[in-house]
Amino acid sequence: MTTEREEQVLRRIDRARRRKARVRDERITLAHGAGGKATHTLIEAVFLEAFDNPLLAPLEDQAVCPAGGARLAFTTDSYVVSPLFFPGGDIGDLAVNGTVNDLAMCGARPLYLSAGFILEEGFPVADLTRVAGSMARAAEAAGVRIVTGDTKVVERGKADGVYVNTAGVGVVEHHFTLGAGRARPGDAVLVSGPVGDHGTTVMLARGELGIESDLTSDTAPLAAPVAALLAACGDGVRCLRDATRGGVATVLNEIARASDVAVVLGESAVPVRDEVRGAAELLGIDPLYIACEGRMVVVVDGACAESALAALRSQPSGERASVVGRVVAEPASLVLVKTEFGGTRILDVLIGDPLPRIC
Amino acid sequence: MRYVDEYRGADKARALAARIAGLCAPGRSYTFMEVCGGHTHTIYKHGIEDHLPENVTLVHGPGCPVCVIPMGRVDDALHLARQPDTIMTSFGDMMRVPGGSRSFLDAKAEGADIRMVYSPLDALRIARQNRDKRVVFMAIGFETTAPSTAVTVQRAAAEKLDNFSVFCNHVTIIPAVKAILDSPDLRLDGFLGPGHVSTVIGCHPYRFIAAEYGKPLVVAGFEPLDILQSIHLLLRQLAEGRCTVENQYARVVPWDGNPKALRALSDVMELRPSFEWRGLGTIPYSALRIREAYAAHDAERVFDVPGVRVADPTSCQCGEVLKGVLKPWQCKVFGTACTPETPIGTCMVSSEGACAAYYNFGRFTRTAVREATRT
Amino acid sequence: MCLGIPGEVVELVADQPDLARVSVGGVRRAVNIALLEGEGVAPGDWILIHVGFALSRIDEAEARAAMEFLEGIGQAYEDEMDALRESTTEGPGAG
């Protein structure tokens with residue numbers, strides 16, 4: 001039961017929420033790059049404001065552009081990971097797999113990549129050679145070719161060793177469109193493997209927290225699992241998103257909002273490795289917000305849930321793929337978690353970087 | 001994970017919930033305060049309220065150490081962080097908390113050297129590695145955290161690391177609870193006591209709450225079954241007409257606390273005559289400062305701290321919300337001057353604060369959320 | 001207010017009497033055990049970790065007693081539910 005005064009306050013909040021995004025900060029902070037609310041505000045208020053057009057407006061991980069009768073998928077991403085080398089991969093693997101995955105998320109077959117390098121004066125050539133080797137191997141594994149590139153060197157202190165930018169193109173060979181706005185009540189939600197490995201590995205590899213583990217990054221190309229999914233479910237596949245910055249929680253919130261539906265997640269169904277849980281408990285972080293670099297969230301027609309799961313599990317390192325939730329109509333634009341404890345909670349959008357906490 | 005997983009089972013939760021419902025007198029409502037922000041976090045994260053009958057309400061207390069730091073102290077810390085050749089170190093919790101106008105994250109973006117640490121010992125390590133810099137540790141937290149700071153200061157003194165100092169903002173829980181108890185319009189039936197504070201101070205300090213104020217208190221653990229069981233113990237006391245201090249968290253909390261931690265604490269720190277709490281105002285003898293003997297490691301003595309005072313706007317009614325007297329939407333500035341982007345009071349600072357939670361999700365009734373998750 | 005996590009002592013650090021290596025879900029960290037001095041912390045013990053310090057040694061006997069209580073009421077609840085199910089399916093009012 002709400003009183004009239006309470007209704008008034010709630011309406012005022014809703015009006016405030018619908019107001020156009022505005023960047024309140026005077027300067028860029030790390031939160032603007034963390035993939036949460038601050039990143040979205042920045043993109044909408046600065047970039048969408050300046051570049052707005054129908055191909056950009058959906059703000060998917062890639063654009064699908066008409067090109068001479070074909071449908072071309074096009075994307076770009078920059079890689080600034082620190083440390084450059086971590087258990088299970090390095091910045092080179094990420095730069096190839098990340099862009100391949102952004103292409104794959106619209107169901108495209110990734111074809112060609114560009115590679116741009118911003119190098120800091122003094123950076124060891126041996127390290128650069130190692131990064132390039134990783135990129136070559138990752139490209140071969142993903143079935144793409146690196147066909148063009150660029151190199152710039154900046155003064156010592158103006159960059160952190162090496163930054164890599166890759167852009168990629170691919171072709172969309174099916175007639176339907178995948179997108180965050182296509183989820184419907186009755187759909188099933190899956191993840192393609194255990195979540196949070198990459199983000200936890202990199203956080204611990206920085207060494208500042210003094211925590212040791214045997215974890216490795218999950219960086220991997222997702223083009224093959226996507227092809228398997230499309231073969232198994234066709235246009236029963238609604239939406240694919242790789243759960244990078246902001247983790248599974250952020251992806252699900254984007255889907256719930258874009259599709260104006262609610263997503264109900266079963267907490268105990270989400271695969272999380274013990275070590276990721278251990279580190280997350282220790283640091284007070286929720287694994288659902290930790291980045292992955294080789295895992296995706298999949299929304300399919302509820303009738304396809306079993307075949308989608310079988311398709312994902314048939315892939316190398318897909319054995320822990322799981323159905324983790326379902327789409328319902330109400331309360332629209334919200335992600336709810338059915339907890340292991342038998343309760344419910346609302347899974348909010350991440351405000352900034354997930355910071356270790358003590359309280 | 002041992003001592004974690006076994007306290008999260010839905011079956012035992014349902015059994016406890018049935019016991020809890022059975023203990024509630026028909027037509028009576030019960031309001032309990034969980035003093036500690038960690039409990040608030042557990043309640044929210046696991047959806048504990050779904051196991052409680054409608055007539056049992058939990059009120060979130062003042063035990064979130066970053067939320068109660070007044071804006072002026074944050075501004076003071078930022079002033080220290082901006083001094084030449086200075087490295088400010090802080091727990092992640094503090095990074096986003098706004099002062100009068102800026103947070104640690106903002107100051108970092110503006111060029112201050114602010115580093116996140118997991119332990120005060122990490123700050124000490126940074127001091128050891130940067131002897132040409134002054135390293136300040138932004139110490140926050142209740143009695144749980146203060147002994148760790150104390151041991152770190154003792155270590156700094158032993159190693160003669162004179163470039164290491166602590167900006168001490170440690171607070172003590174009892175005066176804050178007492179301030180709430182002294183409120184004339186208090187409407188609480190009992191307290192969930194802060195389990196981890198109690199590992200240090202033990203259970204004795206709460207006895208006056210039962211003896212003088214007639215409110216039962218159960219020292220509670222942090223897993224969801226711990227909290228449900230503690231609510232069960234509170235209701236049983238009320239049903240049996242008892243009023244006492246009980247320890248649900250005996251696996252971790254010894255009745256006498258941790259004497260070694262208390263000794264370290266009193267060696268390094270002493271009570272301040274008064275300290276301002278965001279939203280609660282000035283509370284006498286409610287915070288700790290570094291003793292004279294460790295002056296070389298006290299940032300308030302080493303630096304010229306401006307002592308910024310940013311008055312809480314008089315229209316902020318956090319105190320009333322904390323005491324359970326007002327609902328968030330009844331506060332004069334809620335949703336207008338005070339929003340999650342521009343928080344005024346403690347209840348809006350933390351995302352789990354009563355006001356922030358209501359701002360984000362108030363339009364969704366628990367019933368709607370429960371309906372949606374029914375299989 | 002204070003995140004405290006149980007961890008298992010894996011080993012005591014040889015040259016630093018205040019440090020123990022502790023495992024939480026398989027990840028390991030050095031934890032300062034100065035506040036438990038004199039309690040004879042040994043590998044296999046479980047401790048409560050807060051900001052890199054051990055605040056308390058977990059009392060296994062107390063934990064077992066509390067868990068037995070919880071399991072007891074869980075069992076009592078199951079029995080009641082079973083009895084209830086039986087009475088509603090067999091009783092005259094069923095259906």
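**Figure 1. Polar contacts and salt bridges join chain B to chain C in this predicted model.** Across the interface of chain B and chain C there are ten residue pairs in polar contact, both residues at pLDDT 80 or more; a polar contact is a pair of N or O atoms within 3.5 Å, where within protein one must be able to donate a hydrogen and the other to accept it, and residues adjacent in sequence count only if both atoms are side-chain atoms. On the side of chain B that touches chain C, α1(B) gives the most, with six residues, and the residues of this side divide into 26 nonpolar, 13 polar and nine charged. In this division Ala, Val, Leu, Ile, Met, Phe, Trp, Tyr, Cys and Pro count as nonpolar, Asp, Glu, Lys and Arg as charged, and the others, Gly among them, as polar. The interface of chain B and chain C also holds three salt bridges, a salt bridge being a side-chain nitrogen of Lys or Arg within 4 Å of a carboxyl oxygen of Asp or Glu. D18(C) and R155(B) meet in a salt bridge at 3.8 Å, N to O.

**Figure 2. Chain A and chain B bury about 4800 Å² between them.** This buried area is the accessible area (1.4 Å probe) that two parts lose on being put together, summed over both, and carbon and sulfur atoms give 59% of it. F341(A), T344(A) and I358(A) supply 16% of the area that chain A buries against chain B, more than any other three residues. The contact, meaning heavy atoms within 4.5 Å, takes 49 residues from chain A and 58 residues from chain B. Between chain A and chain B there are 15 residue pairs in polar contact, both at pLDDT 80 or more, and the largest share of the side of chain A that touches chain B, nine residues, comes from α1(A).

**Figure 3. R8(B) forms salt bridges with E223(B) and with E281(A).** Within chain B, the closest approach of R8(B) and E223(B) is 2.6 Å, N to O; R8(B) lies in the segment before α1 and E223(B) in the loop between β8 and α10 of chain B, so that the pair links parts of the chain 215 residues apart. Both R8(B) and E223(B) are buried, that is, under 20% relative accessible area, where exposed means over 50% and partly exposed in between (1.4 Å probe, protein chains only). Towards chain A, the closest N and O atoms of R8(B) and E281(A) are 3.2 Å apart.

**Figure 4. Helix α10 of chain B runs from residue 224 to 240.** Helices (H or I, at least four residues) and strands (E, at least two) are DSSP runs, numbered from the N terminus. The expected span of a helix is 1.5 Å times one less than its number of residues, so the 17 residues of α10(B) should span 24 Å, which agrees with the 24 Å between its end C-alpha atoms. Of these 17 residues, 13 are buried. Just after α10(B), G241(B) takes a positive phi of about 70°, and R242(B) forms a salt bridge with E240(B), with 2.9 Å between the closest N and O atoms.

**Notes.** Residues are numbered from 1 along each chain as its sequence is written, and chains are lettered from A and ligands numbered from 1 in the order in which they are written. In this predicted model local features need pLDDT of at least 70, side-chain atom pairs count only at pLDDT 80 or more, and totals for chains, interfaces and linings use all residues, while side-chain values use heavy atoms, with hydrogens and water left out.
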